[in-house]
Amino acid sequence: MDTGDYYLSGYKMMWMMVLFDLPVMTDFERSEANRFRVFLKKQGFTMAQYSVYYKSLSGKEMIPKYEKRVKEALPQHGQVDILYVTDKQFENIVSYYCRKKGKKRDDNNRQLLLY
């Protein structure tokens, strides 16, 4: 019997992480780097660090769609890496802020809320 409830598996949901190292020595390079960051934000990515952005995907079938978009928006120079992890792997990320030595980041804000 279908109860209408949906179960989202932590092994099906994916996180796409875009990591980049872009040159910013000239005005043009800075403009290109900024354009790429703005593009990622418009695509729904969240900034984890200045050159690390992440986005949740409903499953592996969404990977080609977003990978193609990122590929089409690549700057002319620099390196861009894309990393995919399952939701289960993503929840095991441990982050530390150096200002408060030894204090773990509150991960409750990083969890995806689905209704």
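A residue counts here as buried when its relative accessible area is under 20%, as exposed when it is over 50%, and as partly exposed in between. By that rule, 31% of the 115 residues of the chain are buried. The structure is a predicted model, and every value below is computed from it.

The chain contains three helices and four strands. Followed along the sequence, these elements come in the order β-α-β-β-α-β-α. Among the contacts in the chain with a separation of 6 or more, 67% are between residues 24 or more positions apart.

The interior can be described through its nonpolar cores. In soluble globular proteins, nonpolar side chains tend to be buried together. The largest nonpolar core of this model has 16 residues, and the members that touch the most others are Met 16, Val 18, Phe 20, Phe 36, Leu 40, Phe 45 and Val 70. Two or more residues of this core come from each of strand E1 (14-21), helix H1 (27-42), strand E3 (52-57) and helix H2 (63-72). A second core of six residues is separate from it and includes Trp 15, Val 52, Tyr 54 and Phe 90.

Phe 36 is one of the well-connected members of the largest core. Leaving aside residues up to four places away in sequence, Phe 36 touches Val 18, Phe 20 and Leu 22, then Val 70, Ala 73, Leu 74 and Pro 75, and also Val 80.

Helix H2 has a buried side and an exposed side. Its buried residues are Ile 63, Tyr 66 and Val 70. These three lie on the same side of H2 because they cover an arc of only 80° around the axis. The other side of the helix carries the exposed residues Pro 64, Lys 68, Lys 71 and Glu 72. The cover over the buried residues of H2 includes E1, H1, E3 and strand E4 (79-86).

Two strand residues show what surrounds E1 and E4. Met 17 is located in strand E1. Its relative accessible area is 12%, so Met 17 is buried. Beyond residues up to four places away in sequence, Met 17 is in contact with Val 52, Tyr 53 and Tyr 54 as well as Asp 81, Ile 82 and Leu 83. Thr 46 is 29 residues from Met 17 in sequence, while their C-alpha atoms are 9.4 Å apart in space.

Tyr 84 belongs to strand E4. With a relative accessible area of 23%, Tyr 84 lies above the 20% cut-off for burial and is therefore partly exposed. With residues up to four places away in sequence left out, Tyr 84 touches Met 14, Trp 15, Met 16, Ile 63 and Glu 67. Ile 63 is also one of the buried residues of H2. Between Tyr 84 and Leu 57 the separation is 27 residues in sequence and 9.7 Å in space, C-alpha to C-alpha.

What remains is the enclosed empty space. Rolling a probe the size of a water molecule over the atoms shows where empty space is left. The model has one cavity of 30 Å³ or more. The largest cavity holds about 50 Å³ of space. Its lining consists of Leu 22, Pro 23, Phe 28, Glu 29, Glu 32, Ala 33, Pro 75, Gln 76 and His 77. By class, five of these lining residues are nonpolar, two are polar and two are charged. Leu 22 and Pro 75, which take part in this lining, are also among the residues that Phe 36 touches.

Terms used. Residues are numbered from 1 along each chain as its sequence is written. This is a predicted model: local features need pLDDT of at least 70, side-chain atom pairs count only at pLDDT 80 or more; totals for chains, interfaces and linings use all residues. Side-chain values use heavy atoms; hydrogens and water are left out. On a 1 Å grid over the protein atoms alone, a cavity is a set of points where a 1.4 Å probe fits but cannot get out, and a pocket is an open set with protein on both sides within 12 Å along at least five of seven lines; lining residues have an atom within 4 Å of a point. Grid points are joined across faces, edges and corners, and a volume is the space filled by probe spheres set on the points. Ala, Val, Leu, Ile, Met, Phe, Trp, Tyr, Cys and Pro count as nonpolar, Asp, Glu, Lys and Arg as charged, and the others, Gly among them, as polar. A nonpolar core is a set of buried Ala, Val, Leu, Ile, Met, Phe, Trp, Tyr and Cys residues joined through side-chain atoms within 4.5 Å. Buried means under 20% relative accessible area, exposed over 50%, partly exposed in between (1.4 Å probe, protein chains only). Contact means heavy atoms within 4.5 Å. The arc is that of the directions from the helix axis to the C-beta atoms.
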